[in-house]
Amino acid sequence: MATTVSFAVDSAVGRRTVSLAYERSGTGAPLLLLHGIGHHHQAWGPVLGILAAERDVIAVDLPGFGASPGLSGGLSYDVAAVARVLASFCDALGVVRPHVAGNSLGGLLALVLGRGRLVRSVTALSPAGFWTGHERRYAFGVLRAMRGAALTLPMPLIERLARSAPGRAALTGTIYTRPGRRSPEAVVAETVALRGATGFHQTLTAGRGAAFTDDVPGVPVTIAWGSQDRLLPRRQGLRAGRVIRHARLVRLPGCGHVPMNDDPAAVARIILDTSR
């Protein structure tokens with residue numbers, strides 16, 4: 001069950017109040033989990049139990065996604081601004097320098113938090129920001145098409161598609177190589193989350209200039225990439241390794257863009273190893 005916390009954020013437009021929804025479980029060192037654009041914190045469901053056995057896991061809905069309301073009062077959706085929101089979120093929970101793992105947009109945010117030394121370690125799964133202009137335009141086009149389908153398909157059809165493996169592949173095959181592993185309920189929920197993502201357009205617009213070109217000094221970093229990532233091809237991981245030279249690069253065989261579903265055990269092991 002998600003909980004919501006409200007807190008103040010200092011920004012260029014003054015002090016504003018932000019609310020974020022999150023789920024917290026487990027004991028141990030704190031671990032913050034960040035999902036990708038259009039998704040919600042339930043994307044981490046396949047690995048939550050494994051991680052919570054060793055960590056105090058905090059899976060958060062990013063602003064304008066899942067159960068978290070969008071940013072208001074002139075607050076920006078650019079990566080640096082959202083990273084500041086996440087830092088304030090951790091302060092509100094009394095969490096100091098958590099480990100962080102992020103996927104896609106969440107991976108880019110995790111690296112930004114690492115660059116600011118606001119976290120103890122970073123695990124980035126297919127992080128955004130290491131693309132060429134052509135690769136970014138392709139990824140954004142795919143994301144817009146997925147969002148358009150989620151908005152257009154009637155709910156009875158979404159529910160009917162989710163009941164069969166081919167239907168789940170049609171709805172989520174872009175991000176998973178093993179969509180049949182997702183339950184019908186999970187596929188319906190993430191399609192509805194994409195449909196209702198109030199921060200989708202603003203986040204995508206802000207991401208046009210997103211590129212990660214700096215090192216992350218003094219923080220352990222692992223960058224893992226699915227061998228069958230159809231949204232951000234794994235050659236981008238090689239670029240990430242050239243930017244963050246001390247990063248550990250890991251290949252996830254048979255995994256797609258959201259590998260937590262495709263190989264939960266491997267993803268959990270990578271996150272726990274990094275956070276040790």
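## Where α1 meets α11, and the sheet beside them

In this predicted model, P46, V47, I50 and L51 of helix α1 touch a set of residues in helix α11, namely P264, A265, V267, A268, I271 and L272. Sort that contact by class and you get 10 nonpolar residues, with no polar and no charged ones.

How do the two helices sit? Helix α1 covers residues 45-52 and helix α11 covers residues 264-275, and they pack at about 45 degrees with their axes 9 Å apart. That angle falls outside the ranges for roughly parallel (under 35 degrees) and roughly perpendicular (65 to 115), so α1 and α11 count as oblique to each other. The crossing of α1 past α11 is right-handed.

Now for the sheet. It is open and has 8 strands, running β1-β2-β4-β3-β5-β6-β7-β8 with mixed pairing. At the edges are β1 (3-11) and β8 (248-252), each of which pairs on one side only. From one strand to the next, the twist averages 25 degrees.

Three of the pairings look like this:

| Strands | Sense | Bridges | One bridge pair |
|---|---|---|---|
| β3 and β5 | parallel | 4 bridges | L31 and H99 |
| β6 and β7 | parallel | 4 bridges | A124 and I223 |
| β7 and β8 | parallel | 5 bridges | I223 and L249 |

Strand β3 spans residues 29-34 and strand β5 spans residues 99-103, with L31 standing opposite H99 in β5. Helix α2 (residues 79-93) packs on the sheet and touches β1, β2 (14-25), β3 and β4 (55-60). The direction of α2 makes about 125 degrees with that of β1. Helix α11 turns up here too: α11 packs on the sheet, touching β3, β4, β5, β6 (122-125), β7 (221-226) and β8. Against the direction of β8, the direction of α11 makes about 170 degrees.

Which way do the residues of β7 point? V221, I223 and W225 go one way, while T222, A224 and G226 go the other, and all are buried. In a regular strand, side chains alternate between the two faces of the sheet. With 6 of its 6 residues buried, β7 is therefore largely enclosed by the rest of the structure.

I223 is a handy residue to look up in β7: I223 is the bridge partner of A124, and I223 also has L249 in β8 as a bridge partner.

Note on methods:
Residues are numbered from 1 along each chain as its sequence is written. This is a predicted model: local features need pLDDT of at least 70, side-chain atom pairs count only at pLDDT 80 or more; totals for chains, interfaces and linings use all residues. Side-chain values use heavy atoms; hydrogens and water are left out. Axes are lines fitted to C-alpha atoms, for helices over the stretch in contact, and angles run from 0 to 180 degrees between N-to-C directions. Angles under 35 degrees count as roughly parallel, over 145 as roughly antiparallel, 65 to 115 as roughly perpendicular and the rest as oblique. A crossing is left-handed if the near helix is turned anticlockwise from the far one by less than a right angle, and right-handed if clockwise. Contact means heavy atoms within 4.5 Å. Ala, Val, Leu, Ile, Met, Phe, Trp, Tyr, Cys and Pro count as nonpolar, Asp, Glu, Lys and Arg as charged, and the others, Gly among them, as polar. Two strands pair if DSSP finds at least two bridges between them. Buried means under 20% relative accessible area, exposed over 50%, partly exposed in between (1.4 Å probe, protein chains only).
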